[in-house]
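Please find below my notes on the model under review. They are set out as numbered points, to be read alongside the sequence and the coordinates.

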Amino acid sequence: GVGTTLDPSISGSDALVGQLLGRPGTLPPVYWSLSVRMHRMRRLVGSATETRVRFEEGQLVLLHAGARGVIGRITMWKNKIAKIALSEPVCLEPDERIAVSSRDSDQWRLCGWCEFRDGEVTVPGASPSNQEQQVLSSSTQPELPAYDALLERFADKSRTARALLLQQEKLRVGAPQIDVHARRVVWTNFAQSCEALSRPTEHVMAYVLAELACDGTVANGQLTLRGKFREKHFRRILKRYSAEYVQCKQCSGPDTSMAKTNGMWRVSCSSCGSERTAKRIERVFRAVSRQQRRAARASQ
């Protein structure tokens with residue numbers, strides 16, 4: 001490295017990358033505008049398509065002079081001779097070769113090289129001509145919308161999104177109809193509830209059994225559970241199930257579908273197009289009585 005007495009604010013954040021250091025009067029001239037001879041490649045380096053390289057007046061190019069990269073605009077192009085107005089001054093040797101890159105989508109890609117012929121020398125401390133300032137400002141600093149216009153755009157988008165959210169149909173599931181017996185409970189409209197949720201009967205039953213930690217069977221559209229439960233328990237289960245497996249996490253809409261892919265349930269929203277993996281149903285611990293253990297051994 002080279003030790004200097006420069007203030008750290010000048011050399012910090014790689015601010016001196018590409019700068020030349022030398023005794024006064026020994027460095028080449030500094031140019032704001034270049035006259036070069038262009039050499040094109042057959043296509044852009046790294047481009048996915050066979051895009052031919054073309055140069056024309058008004059085109060933006062990125063010049064790599066040594067370790068310094070400078071953006072310029074072609075102000076004149078004729079017979080492979082181009083005049084380029086630069087956004088920042090560069091220090092060049094006579095007949096120096098410079099790499100040239102052009103825009104491809106949102107990336108700079110190498111498209112050729114040029115030979116430095118002549119240029120407009122700037123006096124130390126001076127700025128480029130007014131014409132070049134106008135060209136460079138339009139190329140390097142695109143005009144941005146005003147702050148008030150951005151706020152108004154955000155407010156319009158918020159109002160539109162809220163109106164669409166209010167127009168969405170709410171999920172309506174009928175109240176569970178429960179028949180309570182001595183040691184079992186029958187959910188009589190279980191099939192209708194699954195149809196309102198647009199979810200498979202097996203998936204809903206697995207969630208109910210895991211939440212209530214009991215055994216159950218489905219027959220004729222009715223779910224029979226072993227145990228003593230009330231209607232409020234099934235209401236809470238339906239609410240939690242719809243929040244986790246029916247409603248969209250992005251737009252909160254109920255217009256979703258669920259399909260099994262590679263052993264995992266995927267929830268897709270028809271309104272906003274988002275997709276997510278549904279949470280796996282975890283079974284809780286259930287105690288087994290002595291009689292149940294004996295019955296299980298006897299059946300083996």
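1. Two cysteines deserve comment at the outset, in what is a predicted model. C248 has a relative accessibility of 6% and therefore counts as buried, the cut-off being under 20%. C269 is likewise buried, because its relative accessible area is 7%.

2. On disulfides, the count comes to 0. The criterion applied is a pair of cysteine sulfur atoms within 2.5 Å. A disulfide is a covalent bond between the sulfur atoms of two cysteines.

3. N79 merits a check of its backbone: phi is positive, at about 55°, although the residue is not a glycine. N79 belongs to the loop that links β3 (68-78) and β4 (81-91). With a relative accessible area of 64%, N79 is exposed, since exposed requires a value over 50%.

4. N262 should be examined in the same manner. Its phi is near 55°, again a positive value in a residue other than glycine. The loop between β11 (256-261) and β12 (264-269) contains N262. Its relative accessibility is 76%, so N262 counts as exposed.

5. As to overall architecture, the secondary structure of the protein consists of 7 helices and 13 strands. Considering contacts between residues at least 6 apart in sequence, 56% join residues at least 24 apart.

6. Finally, burial and surface. The protein has 300 residues, of which 28% count as buried. The exposed area of the protein is about 20900 Å², and carbon and sulfur atoms supply 48% of that area.

Notes:
Residues are numbered from 1 along each chain as its sequence is written. This is a predicted model: local features need pLDDT of at least 70, side-chain atom pairs count only at pLDDT 80 or more; totals for chains, interfaces and linings use all residues. Side-chain values use heavy atoms; hydrogens and water are left out. Buried means under 20% relative accessible area, exposed over 50%, partly exposed in between (1.4 Å probe, protein chains only). Helices (H or I, at least four residues) and strands (E, at least two) are DSSP runs, numbered from the N terminus. Contact means heavy atoms within 4.5 Å. Accessible areas come from the Shrake-Rupley method with a 1.4 Å probe; for residues, only the protein chains shown count as cover.
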